[in-house]
Amino acid sequence: TDNPEKFRPVYHFTPEQHWMNDPNGMVYHEGLYHLFYQHNPNSSKWGPMHWGHAVSKDLVDWEHREIALYPDSLGTIFSGSAIIDKDNVAGFGKNAMIAFYTSNYETQEDGKRKRFQTQSLAYSTDNGRTWAKYANNPVLDNPGIKAFRDPKVIWHEASKTWIMSITEGQKIGFYGSKDLKKWDKLSDFGEGYGAHGGVWECPDLISMKSGTKDVWVLIVSVNPGGPNGGSGTQYFLGDFDGTTFKPHDKETRWLDWGTDNYAGVTWSNVGNKHLFIGWMSNWLYANAVPTEKWRSAMTTVRDLKIVEVQGKNYLTSFPIAGYQKNLKAEANRLRSTHSLDIKGFNNALKLSFKGVDLSEDFRVVFENSIGEALSLHYSKKSGYFALNRSEGGLISFHKDFAKKMLAESPIGDGRCNLDIYLDKTSAEVFVNEGLVTITSVFFNEADFDSVKTSFSINPGNMNLYRYVK
Ligand code: FRU
């Protein structure tokens with residue numbers, strides 16, 4: 001395309017240039033939130049992985065840093081996590097930042113790609129500026145499993161043990177360690193539970209509260225096998241006793257119904273908060289999306305919560321309040337009772353409706369003068385929300401890109417709140433503060449200049465914000 005920056009979101013994190021996939025090693029330390037990411041610095045396609053790096057004081061505005069981790073003799077640097085070693089149990093220094101990642105060793109045999117994956121460690125004693133690899137890597141050898149990757153390490157207070165969750169094919173393995181270097185297998189989880197369309201990747205085991213009760217959440221990305229094709233993110237609610245994860249039920253739940261929220265996990269060292277970010281793309285078409293200079297963005301940073309709806313618990317995800325600092329309320333944009341004027345917003349905005357009636361179908365459509373449209377639809381009959389990007393811009397780069405996305409809603413009749421975050425080439429739809437979430441990219445050739453609704457807009461229940469910086 002003409003302008004290489006044309007499709008770049010403005011308030012979502014993107015790499016300066018070239019390829020990006022999973023968020024990695026997110027950790028907070030001494031005033032800085034760190035975001036590392038799967039990065040190929042030589043091309044806009046997936047290739048030899050490095051850890052790219054960025055930092056932020058507020059999770060909203062990011063500053064790019066040098067590449068943190070480069071491939072070595074054990075392989076390229078696949079996904080993983082980071083923690084702060086407050087008690088210096090590993091011996092790299094008090095409060096050392098320690099990253100766990102997968103060393104991915106690849107060979108070509110008989111024209112076929114062969115992979116050998118082990119888990120390694122790197123550390124930094126200057127708040128993530130410079131990194132050293134541990135001399136005795138790998139810290140966890142391959143037990144004979146082809147897909148053995150994406151270590152996510154957390155502190156388990158009750159057993160005073162570090163716990164690593166890790167991909168083991170279509171299961172998640174749990175390992176324990178006292179010194180962060182020697183890891184022992186505890187258990188695994190996955191058989192007979194959840195969606196099994198593909199490999200279970202990027203697990204995250206999180207201790208949360210449902211009211212006053214402790215609930216453990218296990219986030220698991222699956223590729224393929226997502227709810228609307230390609231990759232997607234499921235989660236399980238249950239208990240973790242320091243050894244075993246026991247789910248509360250057999251239900252398959254989706255953290256996001258949209259096509260474009262994958263490999264997301266939460267920040268470490270942020271107290272009782274649960275801050276999540278995902279890769280805003282899908283393995284189905286990630287390498288083919290029509291940007292050349294840079295490829296793909298992250299989702300907004302989201303707060304995770306557990307809420308009860310009709311006797312069942314769900315994990316909600318909703319953008320952190322911090323985004324509001326760059327969102328300016330816009331009055332007088334009502335053009336008619338069913339339409340809003342968003343000319344000049346550069347497609348960067350937030351639109352909220354309170355108390356939308358679910359006793360009938362409704363539609364919210366973003367439109368422009370060249371005939372592009374992105375529409376959200378609710379069907380009372382099926383109880384589903386649907387996002388349609390088939391007319392939202394370029395679609396021909398992949399045959400399944402134009403497929404309509406469906407999101408099952410547990411809300412039932414009554415009313416709902418809607419928050420739509422639009423950013424250039426992405427939309428994140430939140431129903432009831434993230435109980436139902438639909439995240440989607442699209443590639444519109446022109447900015448939208450109006451929003452049309454099937455319901456009549458009550459200005460008292462509607463808020464429109466323009467992104468300003
Ligand atoms: C998930 C994933 C991970 C892996 C990484 C490689 O998107 O496949 O399992 O570590 O990407 O880039």
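**Strand S27, its sheet and the domain contact**

In this predicted model, strand S27, which spans residues 362-367, has two unlike faces, with Phe362, Val364 and Phe366 on the covered face and Arg363, Val365 and Glu367 on the uncovered one. On one side, S27 is joined by 6 bridges to strand S28 (residues 373-379), and the two strands run antiparallel. Within this pairing, Glu367 of the uncovered face has Ala373 in S28 as its bridge partner. The two strands form a hairpin with 5 residues between them, and in the turn Gly371 adopts a positive phi of about 90 degrees. S27 also pairs with strand S34 (residues 450-453), again in the antiparallel sense, over 4 bridges. Here Val365, likewise a residue of the uncovered face, is matched with Lys452 of S34 as its bridge partner.

These pairings belong to a wider arrangement, an open sheet of 7 strands in the order S24-S25-S34-S27-S28-S29-S30, in which the pairing is antiparallel. Strand S24 (334-336) and strand S30 (405-408) stand at the edges of the sheet, and because each has a single partner strand, one side of each is left without a neighbour in the sheet. On average, and with direction ignored, neighbouring strands of this sheet are turned by 20 degrees against each other.

At the level of the whole chain, the domain assignment gives domain 1, covering 18-319, and domain 2, covering 325-467. The centres of domain 1 and domain 2, taken over C-alpha atoms, are separated by 30 Å. The contact between them draws 29 residues from domain 1 and 29 residues from domain 2. On the side of domain 1 that touches domain 2, strand S21 (302-309) and strand S22 (312-319) each supply at least two residues, and the largest share, 6 residues, comes from S22. Sorted by class, this side of domain 1 holds 14 nonpolar, 11 polar and 4 charged residues.

One residue of S22 can be examined individually, namely Thr316, which lies in this strand. Thr316 is classed as buried because 20 other C-beta atoms lie within 10 Å, the cut-off for a buried residue being 20 or more. When residues up to four places away in sequence are not counted, Thr316 touches Leu304, Lys305 and Val307 as well as Glu433, Gly434 and Leu435. Thr316 and Asp256, although 60 residues apart in sequence, are 9.1 Å apart in space from C-alpha to C-alpha.

The model also contains a ligand, which is surrounded by 13 residues, the closest being Gln38, Phe78, Ser79, Glu201 and Ala263. Two or more residues of the shell around the ligand are given by each of strand S1 (18-29), strand S5 (76-85), strand S9 (148-156), strand S13 (199-210) and strand S18 (262-266). By class, the shell around the ligand is made up of 5 nonpolar, 4 polar and 4 charged residues.

Methods: Residues numbered from 1 in each chain as written. Predicted model: local features only at pLDDT ≥ 70, side-chain atom pairs only at ≥ 80, totals over all residues. Buried ≥ 20, exposed ≤ 12 C-beta atoms within 10 Å, placed from the backbone. Pairing = 2+ DSSP bridges. Domains from an automatic or database assignment. Contact = placed C-beta atoms within 7 Å. Nonpolar A, V, L, I, M, F, W, Y, C, P; charged D, E, K, R; others polar. Near = placed C-beta within 6 Å. Axes fitted to C-alpha atoms, helices over the stretch in contact; angles between N-to-C directions.
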